[in-house]
Amino acid sequence: MSLAQTPSETSAAPGLAGVVVIRGIRRVLIWSLIIAFLYPAFMNGSKGICPGGIDADGGFIDASGRSVDEAPMCVQLTLGPSPLVYLGIALIVLLAIGRVMKATDERAALRTLEWALRAVGLFALVAIVVSHAWMMMIPLEQFSSESWSVFSPFPFGVIDVDVTPMTVS
């Protein structure tokens, strides 16, 4: 019979104290970076309109079919990522790390990190859905020669408005 001590099952893993929390922080950072890189891939969208056209004689017509001297204006809306979403992701991660530093135990710290990871994913998802829904709801017919404004789902996405005269190809 051996008298050697066997380690108890409740003893912590050898190494740095709090390694589980550090692993959780690393996980949040990696997933936040992945989400930040995927966000612009899903934030692409565009739509446009060219009211009017070209008549049989090669002249321009407006949206009502009347002949006009000047080329009708074409409107192109382009959806892109907002820099404020990146700022929001960074803010969520930094606030979570701040709360982890104030946590009373390992379990509370890990719970905070899990909530931060969910918040980053949900924030990016909401930004994508709201921006695309907003883009689809913009009526292109509202743009006239006097009005070129568009309300963007700021801070979730950026909508660029490009107005150019129709060209004959």
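**Packing around a helical core**

With a relative accessibility of 30%, Pro81 counts as partly exposed in this predicted model. The residue belongs to strand β5. Setting aside residues up to four places away in sequence, Pro81 touches Tyr39, Pro40, Met43, Tyr86 and Val158. One of these partners, Pro40, is 41 residues away from Pro81 in sequence, yet the C-alpha atoms of the two prolines are 5.4 Å apart in space. Two others, Tyr39 and Tyr86, form an aromatic pair with each other, and that pair is described further below.

A look at the whole chain helps to place this site. The secondary structure consists of three helices and six strands. Read from the N terminus, the order of the elements is α-β-β-β-β-β-α-α-β. The chain has 169 residues, and 27% of them count as buried. Among contacts with a separation of 6 or more, 74% join residues that are 24 or more positions apart.

The largest nonpolar core holds 25 residues, and those touching the most other members are Tyr39, Leu77, Ile89 and Ile159. Two or more residues of this core come from each of α1 (19-38), β5 (73-81), α2 (83-101) and α3 (106-137). Helix α3 provides the largest share, with eight residues. Ile89, one of the core residues named above, is in contact with Ser32, Ile35, Ala36, Val120 and Phe123 once neighbours within four places in sequence are left aside.

Ser32, a contact of Ile89, is found in helix α1. Is Ser32 buried or exposed? With 5% relative accessibility, Ser32 counts as buried, because the cut-off for burial is under 20%. Beyond residues up to four places away in sequence, Ser32 touches Ile89, Val93 and Val120. Both Ser32 and Val120 also appear in the contact of α1 with α3, while Ile89, Val93 and Val120 take part in the contact of α2 with α3.

The packing of the helices comes next. Two packed helices are described by the angle between their axes and the distance between the axes. For α2 and α3, the angle is about 170° and the axes are 9 Å apart. These two helices are therefore roughly antiparallel to each other, since the angle is over 145 degrees. On the α2 side, the contact is made by Val85, Gly88, Ile89, Ile92, Val93, Ala96, Arg99 and Val100. On the α3 side, the contributors are Ala109, Thr112, Leu113, Ala116, Ala119, Val120, Phe123 and Ala127. By class, the residues of this contact are 13 nonpolar, two polar and one charged.

How are α1 and α3 oriented to each other? Their axes are 9 Å apart and make an angle of about 5°, so α1 and α3 are roughly parallel to each other. From α1, the residues that meet α3 are Val20, Val21, Gly24, Ile25, Arg27, Val28, Trp31, Ser32 and Ile35. Their counterparts in α3 are Glu106, Ala109, Leu110, Leu113, Glu114, Leu117, Val120, Gly121 and Ala124. The contact of α1 with α3 comprises 12 nonpolar, three polar and three charged residues.

Aromatic rings offer another view of the fold. Two aromatic pairs are found in a search of the whole structure. One of them joins Tyr39 and Tyr86 in an edge-to-face arrangement, with 5.6 Å from centre to centre and 85° between the planes. Tyr39 sits in the loop between α1 and β1 (45-49) and Tyr86 in helix α2, so the pair ties together parts that are 47 residues apart in sequence. The partners have their own surroundings: Tyr39 counts as buried, with 1% relative accessibility, whereas Tyr86 is partly exposed, with a relative accessible area of 32%. Pro81 touches both of these tyrosines.

Strand β5 holds a further residue of interest, Gln76. This glutamine is partly exposed, with a relative accessible area of 32%. Which residues does Gln76 contact, leaving aside its neighbours within four places in sequence? The contacts of Gln76 are Ser46, Lys47, Gly48, Asp160, Val161 and Asp162. Gln76 and Leu140 are 64 residues apart in sequence, and their C-alpha atoms are 8.8 Å apart in space. Like Gln76, Pro81 has its place in β5, and this strand is among the elements that give two or more residues to the largest nonpolar core.

Definitions and conventions. Residues are numbered from 1 along each chain as its sequence is written. This is a predicted model: local features need pLDDT of at least 70, side-chain atom pairs count only at pLDDT 80 or more; totals for chains, interfaces and linings use all residues. Side-chain values use heavy atoms; hydrogens and water are left out. A nonpolar core is a set of buried Ala, Val, Leu, Ile, Met, Phe, Trp, Tyr and Cys residues joined through side-chain atoms within 4.5 Å. Buried means under 20% relative accessible area, exposed over 50%, partly exposed in between (1.4 Å probe, protein chains only). Helices (H or I, at least four residues) and strands (E, at least two) are DSSP runs, numbered from the N terminus. Contact means heavy atoms within 4.5 Å. Axes are lines fitted to C-alpha atoms, for helices over the stretch in contact, and angles run from 0 to 180 degrees between N-to-C directions. Angles under 35 degrees count as roughly parallel, over 145 as roughly antiparallel, 65 to 115 as roughly perpendicular and the rest as oblique. Ala, Val, Leu, Ile, Met, Phe, Trp, Tyr, Cys and Pro count as nonpolar, Asp, Glu, Lys and Arg as charged, and the others, Gly among them, as polar. Rings of Phe, Tyr and Trp (its six-membered ring) pair if their centres lie within 6.5 Å; planes under 30 degrees apart count as stacked, over 60 as edge-to-face and the rest as tilted.
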